[in-house]
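The following explanation leads the reader through one protein chain, moving from a strand pairing outward to the whole. Please keep the sequence and the coordinates at hand while reading.

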Amino acid sequence: MTSASAESLVSFPVRGMTCAACSARLEKVLNRVEGVFSASVSLAAEQADIHFDKARTTPVQLAEAVTKAGFSVPDDQVEMGIGGMTCAACSTRLEKVLAKVPGVTQASVNLAAERASVHFAAGTVTVADLVMAVERAGFRAQVIQNADEQMLREEQAYEAALRKQTLRLTISSALTLPLVAAMAAHMLGLGWTLPGWVQMLLSAPVQFWIGWRFYHGAWASLRGGVGNMDVLVALGTTAAWGVSAWVVALGQDHHGNLYFEGAAVVITLVLMGKLLEARAKRSAAGAIRALMKLRPDTARVERDDRLVEIPAESVAPGDVVQVRPGERIPVDGVVVDGASQVDESLITGESLPVARDVGDEVVAGAVNGDGLLRIRAVRVGGESTISRIIRMVQGAQATKAPVQKLVDRISAIFVPVVVALAALSFLGWWLVAGDVGQAFVAAVSVLVIACPCALGLATPTALMVGTGVAARHGILIKDAEALEMARAVTVVVFDKTGTLTQGKPSVVGLQGASDLLLLAASAQQGSEHPLAGAVLARASDLTLLRPESFTALPGRGLEAVVDGRAVLVGSPRLMAERGLDMTAFADQARAEEEQGRTVMWVAADANVLGIIAVADPVKPTANQAVAALLEMGVTPVLLTGDNARAAHAVAGQLGIERVIAEVLPEDKAAEIERLKAEGAIVAMVGDGVNDAPALAAAHVGVAMGTGTDVAMQAAGITLVKGDPALLAQALSVSRATRAKIRQNLFWAFFYNVVAIPASALGMLTPVIAGAAMAFSSVSVVSNSLLLRRWRG
């Protein structure tokens, strides 16, 4: 049995996939590799994610499996600054050392520049492997590669590929136009056509040079044991061109028996479709590039009483950064000097600039307004909010929605079924109707018109656009499953403190003994609870006593020894458990709770000293959030550890009818399970560590971005700026994305169900079939792009 510690994850970019059959085939190939636990391949993201046993296989072997299946893992490159080289022998030796690292295809070391450039199949080698190899050889290494450079390289590669495709499409169109003109003239009865040998010469470069990509793709696919779109195009066009060439060779080249123009037009139209599809897919992934461009390249850091401009990724936590008006903030941090209006719209979705003063937090990527800010860095580089958002969006776009698994199964058998239908069409027209010419046209049309690409792109492109547009509105969706479930949510369970309320409580009432506040504040010095913060703030002008011991009692309060006295601070449940008499302050406590306030009871040496009333104002948008959910037909529920009267008072303000109060943190998940047992699709919204089990138990966990990392880790959706009004928008964008997926799948299935029989019945020519196939994929991607108009 393999231990869990041996399991590793590797992600490869994969090139050469043209349709859903390709991704389904590669997934099967990878899952059959010895040592692989699971493999998932995304056609839209062109990526394979593989969980494997590192004791039984390696990333290099997995990359080789991808190549053997007929696809390719593109080369990646790492640039390193090298220290410690003194002569040419050093650089030569280091080149050999790096070249021996498993997976490295080329290593080049420049002694003068003190740089090393290492090429390897992407995903097969880690940067740590390379750095360790350099250090074992006795040198020092500093990686100079960053995400922005990677994005630039990808942009350059995309532009180069686009230029190449455009050039080939132009040449193909130029060679095909005379063939189309001749066909049109013949159909119009103008009595003019091109000689058969001229048609053959014009179409040959289109068929075998421009169209070589289809032969290459088809061979790679068939070698792997499964057909794809390239097989269909190659079969159909080769049959059309081959029969026409045979007719010319026999000297029977009157136009009616030639299909050169059909083959050439099909290839040209498919190329045009692929070019438009590539542009549309690039646009669908635009959200990630837009987010990456928010990160500034450099930062001005205060060092030794002077400003030094350094790369933004080199800023360390604790450094003080200066940001001038109009510049982007390079790090997450806290303002230590200055005041300004900051535009965080592209990160949080907040449309208006927000005021930031000393002590306020700011996020990397936001635009500074009209003031000079000095900011102490807290989270930098990959730990900044913008970097975490990018990782989460990339992760979501690489996952598969549950419906995609059905599509993958269909795609796997699609090509063999289509080839069989084409053969049946040919035999039907030949044997039953006795028309060999029409039999040939029908068979070629069936091969050419069938399109597994539209099926494969229907789900992932909608996911890419949906998660991207959500991110621009401050809604981070962790994976496709969360998005799929969110659209069906019927009940939303809210935590109270920090979710519906501002999470900044303040003391509004004290009733009891004179030393009540002193003892309560002294006891709570060791607590991180928001209510403890409120008490400590109220006692800021008192000289507090050091607690001799401190014990937190989750869901109840705390106990401590202060100045030799045994102090209890917490809920009435805690007082009751200890058998304390609360009648002296019961009426005052009830009055406070009926106003929606939280009451803390304080006791010392087994005697109740009094109560402290704390108010936590409701967030300004909480009413709007609840109203929007009710309008969508979703039932809001308030789940809190607070007392029932305070909870009902807050729920009454917001229009929430169902309240579950006085629930201990460990029991919140059980309450979620109880709601699920009632048949509800439950979303849980929370912000604290104590909410994490409930977030994980719900069908959809929603975390406030202003809350804890633990909550965000457990949740499937994060609301970046902690605004509950975004919840309805999250459900809305999930429903809109799901609707697009359904539309795309409907049209993809409808297209094939209608088009294939129409071609088999001889109602469509190969030219029309090629045009329809080319634009089916484009229409699916374009429909997904309409999601960018979503406004919540």
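**From a strand pairing to the whole chain**

Val-569 has Val-602 of strand β23 as its opposite residue. The model in which this pairing appears is a predicted one. The pairing belongs to an antiparallel arrangement in which four bridges join β22 to strand β23, the latter covering residues 598-604.

Strand β22 also has a partner in strand β21. Residues 557-562 form β21 and residues 565-570 form β22, and the two strands pair in the antiparallel sense over six bridges. Within this pairing, Ala-560 stands opposite Val-567 of β22. Two residues lie between the strands of this hairpin, and Asp-563 adopts a positive phi near 55 degrees there. As a general point on such elements, the side chains of a regular strand alternate between the two faces of the sheet.

Val-569 also leads to a loop residue, since Val-569 is among the residues that Gln-524 touches. Gln-524 is placed in the loop between α18 (516-523) and α19 (530-538). Is this loop residue, Gln-524, buried or exposed? Gln-524 counts as buried because its relative accessibility is 3%, which falls under the 20% limit for that class. Leaving aside residues up to four places away in sequence, the contacts of Gln-524 are Leu-531, Ala-532, Val-535, Leu-536, Leu-558, Val-569 and Met-600.

The interior may now be considered as a whole. The largest nonpolar core holds 126 residues, and Val-492 and Ile-717 touch the most other members. Helix α27, spanning residues 725-760, supplies the largest share of this core with 13 residues. Which residues does Val-492 touch, if those up to four places away in sequence are not counted? They are Leu-629, Val-634, Thr-635, Pro-636, Val-637, Ala-683, Val-685, Leu-727 and Leu-731. A second core, separate from the largest one, has 22 residues, including Ala-520, Ala-539, Val-567 and Val-614. Val-567 thus takes part in this second core and also stands opposite Ala-560.

A further strand residue offers an intermediate case of exposure. Gln-341 is located in strand β12, residues 340-343. With a relative accessible area of 36%, Gln-341 is partly exposed, because this value lies between the limits of 20% and 50%. Gln-341 and Gly-369 are 28 residues apart in sequence, while their C-alpha atoms are 4.8 Å apart in space. Gly-369 is also one of the residues that Gln-341 touches; with residues up to four places away in sequence not counted, the others are Pro-353, Val-354, Ala-355, Val-367, Asn-368 and Asp-370.

At the surface, attention turns to helix α13. A nonpolar patch of about 880 Å² is made there by Ile-413, Val-417, Leu-421, Leu-424, Leu-427, Trp-430, Leu-431, Val-432 and Val-436. Helix α13, residues 402-433, provides eight residues, the largest share of the patch. Leu-424 lies in this helix, and it counts as exposed because its relative accessibility is 55%, over the 50% limit.

The account closes with the chain as a whole. The protein chain contains 28 helices and 29 strands. Of its 792 residues, 52% are buried. Among contacts with a separation of 6 or more, 68% involve residues 24 or more positions apart. The accessible surface comes to about 34000 Å², and carbon and sulfur atoms account for 57% of it.

How values were computed: Residues numbered from 1 in each chain as written. Predicted model: local features only at pLDDT ≥ 70, side-chain atom pairs only at ≥ 80, totals over all residues. Heavy atoms only, no water. Patch = residues over 30% accessible without salt bridge, like charges linked within 9 Å, V, L, I, M, F, W, Y side chains within 5 Å. Areas by Shrake-Rupley, 256 points an atom, 1.4 Å probe, with all protein chains shown as cover. Salt bridge = Lys/Arg side-chain N within 4 Å of Asp/Glu carboxyl O. Buried < 20%, exposed > 50% of the residue type's maximum accessible area, 1.4 Å probe, protein only. Contact = heavy atoms within 4.5 Å. Core = buried A, V, L, I, M, F, W, Y, C linked by side-chain atoms within 4.5 Å. Pairing = 2+ DSSP bridges.
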